[in-house]
Every structure is written in C-alpha cells, then in structure tokens.
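Me: I have a protein model to read and many terms to sort out. Can we take them one at a time?

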Amino acid sequence: MKELKEKIINEGSVLSDTVLKVDSFLNHQLDPELMKLAGEEIAARFKDTGITKILTIESSGIAPAFMAGLTLGVPVIFARKRKSLTLNNHLYVAEVTSFTKKETNEICVSKDFIHADDKLLVIDDFLANGQAVLGLMDIIDQAGASSVGVGIVIEKGFQDGGRMLREKGIRVESLAILKSLENGTVSFLEEELVR
Ligand code: G4P
C-alpha cells in the first residue's frame with residue numbers, strides 16, 4: 001500500500017536491525033486517514049469471504065481492525081491482555097509468548113462474542129514471529145469457529161511469522177512487508193513475492 005510505505009519512509013525510525021518505530025501513526029499517536037485506508041484495503045482483500053466478525057488484540061491492532069469492521073459492516077472484537085474486572089470466567093484463554101519481550105502472557109476473549117458459526121478475519125498491526133496471531137487462532141479453534149485469514153499492517157519479512165503462518169495454509173495479507181532494516185535503512189519486499 002503506497003500511502004503506508006511513504007509514511008513508513010517519512011516518519012518511521014529504525015531503532016535497530018530488527019525494530020521499526022512507528023509511534024507517530026500506528027503505535028501511540030494514530031493517523032485516522034491512514035488507518036481508514038489500511039482498514040479499507042484489508043477489507044477489500046478479504047471481501048466475499050463471508051466474514052462475520054473481526055478479531056484483533058489490544059492495543060495497536062484496534063485502529064486498523066475498527067476501520068476494516070466499519071467498511072465490512074461487522075463487529076470488531078479485541079482480545080484482552082489482562083483480565084478486566086468486568087470479564088468473568090466465561091472466557092477463551094490462549095498463551096502468547098513474545099520473543100521480542102521474552103515473556104508469556106495470557107490473552108482472553110469472552111465466550112459471549114465468538115460462536116461456532118462465526119467466520120473471523122484476524123487483524124494486527126505488526127507481524128513479527130506470529131505468536132499473537134497463533135494465540136488468536138487458538139481462541140478461534142476453541143470456539144469451534146473458522147478463520148478466513150489474517151490482515152497485517154506491517155509484516156517484518158525477515159522474521160519467521162509470515163512464513164510459518166503461510167506454511168500452515170493460513171492466508172496472510174500484509175499492507176507493507178519489510179525486507180530489511182539493516183544499516184538504518186528501510187527496504188520493502190514486494191507483496192506479490194510472498195503470496
Ligand atoms: P509476534 O506476536 O509476531 O510474535 O510479535 P512479538 O512477540 O515479537 O512482538 C511483541 C510486540 O511488539 C507486539 O506488540 C508487536 O506488535 C510489537 N512489535 C514487534 N516488532 C515490532 C517492530 O519492529 N516495531 C514495532 N513498533 N512493534 C513491533 P504489543 O506488545 O502487543 O503492543 P501493542 O499492540 O499494545 O502496541
């Protein structure tokens with residue numbers, strides 16, 4: 001997606017060979033116009049797949065997921081990373097291990113919101129090692145529901161998540177795929193090469 005790649009070039013900062021900071025439009029401050037375009041683009045790629053709901057994870061997945069939900073006219077569920085006071089024990093729970101942060105967290109979704117007849121589109125802001133997506137897929141399995149695939153805003157093509165998910169037969173659509181962040185420079189992989 002041209003607008004996203006331009007924004008990454010203009011506002012992203014390369015923190016190391018593996019980490020891209022995009023706090024000005026995706027992870028802290030949000031660019032609503034860009035999030036709208038991202039949500040619409042993900043929705044367009046998965047239109048006609050019979051999506052009944054979108055599933056994402058707090059916090060940075062919510063903005064693109066919300067815009068895709070608005071476009072498709074379906075509800076958006078975000079998995080919680082911490083049990084809130086109002087969430088009871090009526091929950092699907094999955095473990096997510098972050099390689100980046102070297103910690104394991106439980107994510108949860110109320111059983112009220114995913115049912116066996118749901119077809120879910122999973123959306124997240126970053127795809128690195130794919131553990132968050134696997135956790136969301138686990139929750140979909142627990143509900144006996146199905147997934148039409150995964151929409152990602154920024155995929156780090158030099159990490160394993162995208163390959164691992166595609167090898168499992170999961171459809172992954174990413175709006176920008178980073179080829180490398182080496183030497184402080186962002187380079188992109190053409191999306192067609194990974195499909
Ligand atoms: P994985 O789910 O693909 O395995 O990712 P990983 O554990 O490596 O990443 C943990 C967190 O770091 C996730 O956000 C993920 O989106 C984010 N992340 C991974 N690589 C990058 C990167 O290069 N740049 C930025 N900006 N973020 C990255 P999170 O902790 O869930 O945060 P948030 O959604 O609450 O913002």
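**Reading the terms**

Reply: Gladly. β7 and β8 pair in the parallel sense, over eight bridges. Keep in mind that this is a predicted model.

Me: What makes β7 and β8 a pair of strands?

Reply: Two strands pair if there are at least two bridges between them. β7 and β8 have eight bridges, so they count as a pair. Within this pairing, L127 stands opposite E155 in β8.

Me: What makes β3 and β7 a pair?

Reply: The cut-off is at least two bridges. Three bridges join β3 to β7, so the rule is met. These strands run parallel. I54 has L121 in β7 as its bridge partner.

Me: How do you know that β5 and β6 pair, and in which sense do they run?

Reply: Eight bridges join β5 (residues 91-98) to β6 (residues 103-110). At least two are needed, so they pair. They run antiparallel. A94 stands opposite I107 in β6. The hairpin of β5 and β6 has four residues between the strands. There, K102 takes a positive phi near 55°.

Me: Why is I57 called buried?

Reply: Buried means under 20% relative accessible area. I57 has 6%, so the label fits. I57 is in strand β3 (residues 53-57).

Me: Which residues does I57 touch, leaving out those up to four places away in sequence?

Reply: I57 touches I62, A79, K81, I107, I123, D124 and L136. A contact requires heavy atoms within 4.5 Å. I57 and A132 make another pair to look at: they are 75 residues apart in sequence and 7.9 Å apart in space, C-alpha to C-alpha.

Me: Why does β7 count as mostly covered?

Reply: Eight of its nine residues are buried. Each of those eight has under 20% relative accessible area, because that is what buried means.

Me: Which residues of helix α4 are buried, and what covers them?

Reply: In α4 (residues 62-72), the buried residues are A63, P64, A65, M67, A68 and G69. Their cover includes α3 (32-45), β3, β4 (76-79), β7 and β8 (146-156). After α4 comes G73, with a positive phi near 70°.

Me: What does the UniProt record say about residues 61-79?

Reply: The unreviewed UniProt entry annotates residues 61-79 as "transmembrane region". In the model, this span is 58% helix and 21% strand. Its end C-alpha atoms lie 10 Å apart.

Me: Which residues carry the annotation "binding site"?

Reply: The unreviewed UniProt entry gives A128, N129, G130, Q131 and A132. The lining of the largest pocket includes A128, N129, G130, Q131 and A132.

Me: Where is G130, and why is it called buried?

Reply: G130 lies in the loop between β7 and α5. Its relative accessibility is 6%, and the limit is under 20%, so G130 is buried. Beyond residues up to four places away in sequence, G130 touches G161 and M164.

Me: Where is N129, and what does it contact?

Reply: N129 is found in the loop between β7 (119-127) and α5 (131-142). Leaving aside neighbours within four places in sequence, N129 is in contact with F99, T100, Q159, D160, G161 and M164.

Me: What makes R171 a charge over a ring?

Reply: The distance limit is within 6 Å of the ring centre. R171 lies over the face of F46, at 4.2 Å from the ring centre, so the distance fits. K5 lies over the face of F188, at 5.6 Å, so that distance fits too.

How values were computed: Residues are numbered from 1 along each chain as its sequence is written. This is a predicted model: local features need pLDDT of at least 70, side-chain atom pairs count only at pLDDT 80 or more; totals for chains, interfaces and linings use all residues. Side-chain values use heavy atoms; hydrogens and water are left out. Buried means under 20% relative accessible area, exposed over 50%, partly exposed in between (1.4 Å probe, protein chains only). A charge sits over a ring if NZ of Lys or CZ of Arg is within 6 Å of the ring centre and within 35 degrees of the ring normal. UniProt positions are given in the numbering used here, feature names are shortened, and annotations may be inferred rather than shown by experiment. On a 1 Å grid over the protein atoms alone, a cavity is a set of points where a 1.4 Å probe fits but cannot get out, and a pocket is an open set with protein on both sides within 12 Å along at least five of seven lines; lining residues have an atom within 4 Å of a point.
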